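Student: Please take a close look at one part of this model, the ligand site. I would like a connected account of the pocket and its contacts.

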Amino acid sequence: MAPDCLFCKIAAGDIPADKLYEDDEMLAFRDIAPQAPVHFLVIPKKHIQDPAGVTSEDEGLMGRMMRRAAAIAKENNIKDFRLVFNNGAEAGQAVFHIHMHVLGGRAMQWPPG
Ligand code: 5GP
Ligand code: ZN
């Protein structure tokens, strides 16, 4: 756990969240400011700053997070969805604990802003 990391605190249960899934290594919870009818985040419990901080040790975990995102989308009757990782402030990252956005329930546009 990194000091003063919001998502480490959510992962530890110190800050409440609307949880959709939890196991030993990851947590999925609804985004506090949803940008689509369904918008949740999947995070590792381990503190990794951003996608650029993923190491070979984390590769399996990242794949399991993606598979879990798809399973939760299906449970919520979302067939098509968008997965987003922001890396760095200019790309829109505001919380520096890696998180996968899962957005669905409306038509998406491309390119993103
Ligand atoms: P980023 O901009 O870093 O890619 O995404 C951070 C996301 O975390 C944003 O979509 C924001 O709404 C969400 N968020 C920030 N603080 C909280 C919080 O305390 N609880 C929850 N559930 N989501 C949060
Ligand atoms: Zn953290």
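Tutor: What follows goes from the pocket to the ligand, then to two backbone features. Keep in mind that this is a predicted model.

Start with the space itself. The largest pocket holds about 670 Å³. Its lining consists of 33 residues. Nearest the pocket centre are Asp31, Gln35, His39, Asn86 and His101. Several elements supply at least two residues each to this lining. They are the helix α1 (6–12) and the strands β2 (26–30), β3 (38–44), β4 (81–84) and β5 (100–104). By class, the lining has 19 nonpolar, 9 polar and 5 charged residues.

Now place the ligand. Which pocket does ligand 1 sit in? Ligand 1 occupies the largest pocket. Two elements, α1 and β2, give two or more residues to the shell around ligand 1. The helix α1 gives the most, with 3 residues.

Next, the shell as a whole. There are 16 residues around ligand 1. The closest of them are Asp31, Gly92, Ala94, His99 and His101. Asp31 and His101 are also among the residues nearest the centre of the largest pocket. The shell divides into 9 nonpolar, 5 polar and 2 charged residues.

Then the polar contacts, taken by backbone atom. Arg30 places a backbone N or O atom 2.9 Å from a nitrogen atom of ligand 1. For Ala94, a backbone N or O atom lies 2.6 Å from an oxygen atom of the ligand. Ala94 is also one of the closest residues in the shell. Val95 has a backbone N or O atom 3.0 Å from an oxygen atom of ligand 1. How much of the ligand's accessible area does the protein cover? On its own, ligand 1 has 520 Å² of accessible area, and the protein covers 81% of it.

Two backbone features complete the account. The first concerns a peptide bond. The bond from Trp110 to Pro111 is cis, with omega near 5°. Pro111 lies in the segment after β5, and β5 is one of the strands that supply the pocket lining. The second concerns a phi angle. Asp4 has phi near 65°, a positive value in a residue other than glycine. Asp4 belongs to the segment before α1. That helix gives the most to the shell around ligand 1.

To recap the site: ligand 1 sits in the largest pocket, with backbone atoms of Arg30, Ala94 and Val95 at the distances given above.

Definitions and conventions:
Residues are numbered from 1 along each chain as its sequence is written. Chains are lettered from A and ligands numbered from 1 in the order in which they are written. This is a predicted model: local features need pLDDT of at least 70, side-chain atom pairs count only at pLDDT 80 or more; totals for chains, interfaces and linings use all residues. Side-chain values use heavy atoms; hydrogens and water are left out. On a 1 Å grid over the protein atoms alone, a cavity is a set of points where a 1.4 Å probe fits but cannot get out, and a pocket is an open set with protein on both sides within 12 Å along at least five of seven lines; lining residues have an atom within 4 Å of a point. Grid points are joined across faces, edges and corners, and a volume is the space filled by probe spheres set on the points. Helices (H or I, at least four residues) and strands (E, at least two) are DSSP runs, numbered from the N terminus. Ala, Val, Leu, Ile, Met, Phe, Trp, Tyr, Cys and Pro count as nonpolar, Asp, Glu, Lys and Arg as charged, and the others, Gly among them, as polar. A residue is near a molecule or strand if one of its heavy atoms lies within 4 Å of it. A polar contact is a pair of N or O atoms within 3.5 Å; within protein, one must be able to donate a hydrogen and the other to accept it, and residues adjacent in sequence count only if both atoms are side-chain atoms. Accessible areas come from the Shrake-Rupley method with a 1.4 Å probe; for residues, only the protein chains shown count as cover. A molecule sits in a cavity or pocket if more than half of its atoms lie within 2 Å of its grid points.
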